[in-house]
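Please take me on a tour of this structure. I have it open in a viewer, and I would like to know what to select next and what is there.

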Amino acid sequence: MESSKRKKIIWLAIIVLVILGILFLIWRLSDFSFGPKQEANQNEQPIFPTPSVNIEYKVTPPTKTDTEFAIENLAKSYAERFGSWSTDSPGANLAELIPLSSKSMVSYLNSIV
């Protein structure tokens, strides 16, 4: 007799949990909320008001002189030659850099070769 009471209690608990689950899903999927709905006040100021001044920005790229352009291209070429290596002529890339290098860089290049 005790087992039949236990089964009834378990079935009752399962039914209650299923009903609560269904009610929870209905509540989450609908606009239903507890308590009175608060209407938005039309006279409230926004937290972050939009600026009333229209600001236009014109982006002008910086202009480079011919000298700056030539120096930039020389630096790119130097870095490219320094980083390249060929098994056909090992060290040729570093030898090409010697006329463009300072004394300390020449000694460094010679130590590498």
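Start by selecting Arg81, which counts as partly exposed because its relative accessibility is 32%. Keep in mind throughout that this is a predicted model. Now add Glu96 to the selection: Glu96 and Arg81 form a salt bridge, and their closest N and O atoms are 3.8 Å apart. The two ends of this bridge sit in distant parts of the chain, with Arg81 in helix α2 and Glu96 in the loop between α3 and α4, 15 residues apart. Glu96 has a relative accessibility of 43%, so Glu96 too counts as partly exposed. As general background, side chains of opposite charge can pair when their charged atoms come close.

Stay with Arg81 for a moment, and bring in Asn93. Which residues does Asn93 touch, once its neighbours within four places in sequence are left aside? They are Arg81, Phe82, Ser84 and Trp85. Asn93 itself lies in helix α3, which covers residues 92–95. Is Asn93 buried or exposed? Its relative accessibility is 9%, so Asn93 counts as buried.

Next, go back along the sequence and select Lys64, Glu72 and Lys76 together. Salt bridges with shared partners join these three residues into one network. Glu72 is a partner in both of the bridges you can display here: one with Lys64, the other with Lys76. For the pair of Lys64 and Glu72, the closest N and O atoms are 2.6 Å apart. For Glu72 and Lys76, that distance is 3.4 Å.

Why are Glu72 and Lys76 separated by about one helical turn? Because they are four residues apart in helix α2, which spans residues 66–83. Switch on a surface if you like, and compare how open each member of the network is. Lys76 counts as exposed because its relative accessibility is 52%. Lys64, at 47%, is partly exposed, and Glu72, at 29%, is also partly exposed. How many salt bridges are there in total? The count comes to three.

Now move to helix α1, residues 2–29, and select Phe24 and Trp27. As a general point, a pair of aromatic rings is described by the distance of the centres and the angle of the planes. The count of aromatic pairs in this model comes to one. That pair is Phe24 with Trp27, and it is tilted: the centres are 5.8 Å apart and the planes make an angle of 45°. Phe24 and Trp27 are three residues apart in the helix, so about one helical turn separates them. Phe24, with 47% relative accessibility, counts as partly exposed. Trp27 is partly exposed as well, with a relative accessible area of 32%.

For the next stop, return to the loop between α3 and α4, and pick out Ser101. Ser101 has a relative accessible area of 17%, so this residue is buried. Show its side chain along with that of Tyr78: a polar contact of 2.7 Å joins the two. What else does Ser101 touch, apart from its neighbours within four places in sequence? Besides Tyr78, Ser101 is in contact with Val106 and Leu109.

From there, continue to helix α4 and select Asn110. Its relative accessible area is 46%, so Asn110 is partly exposed. Draw a distance from the C-alpha of Asn110 to the C-alpha of Gly91: the two are 9.4 Å apart in space, and 19 residues apart in sequence.

Finally, clear your selections and zoom out to the whole chain. Which pattern do you meet as you read along the sequence? The chain follows α-α-α-α, with four helices and zero strands. Colour the residues by accessibility, and you will find that buried residues make up 7% of the 113 in the chain. With the surface on, you are looking at about 11200 Å² of accessible area, and 63% of it belongs to carbon and sulfur atoms. Last, turn to the contacts between residues at least 6 apart in sequence: 19% of these join residues at least 24 apart.

Methods
Residues numbered from 1 in each chain as written. Predicted model: local features only at pLDDT ≥ 70, side-chain atom pairs only at ≥ 80, totals over all residues. Heavy atoms only, no water. Buried < 20%, exposed > 50% of the residue type's maximum accessible area, 1.4 Å probe, protein only. Contact = heavy atoms within 4.5 Å. Areas by Shrake-Rupley, 256 points an atom, 1.4 Å probe, with all protein chains shown as cover. Salt bridge = Lys/Arg side-chain N within 4 Å of Asp/Glu carboxyl O. Phe/Tyr/Trp six-rings, centres within 6.5 Å; stacked < 30°, edge-to-face > 60°. Polar contact = N/O pair within 3.5 Å; in protein donor to acceptor, adjacent residues only side chain to side chain.
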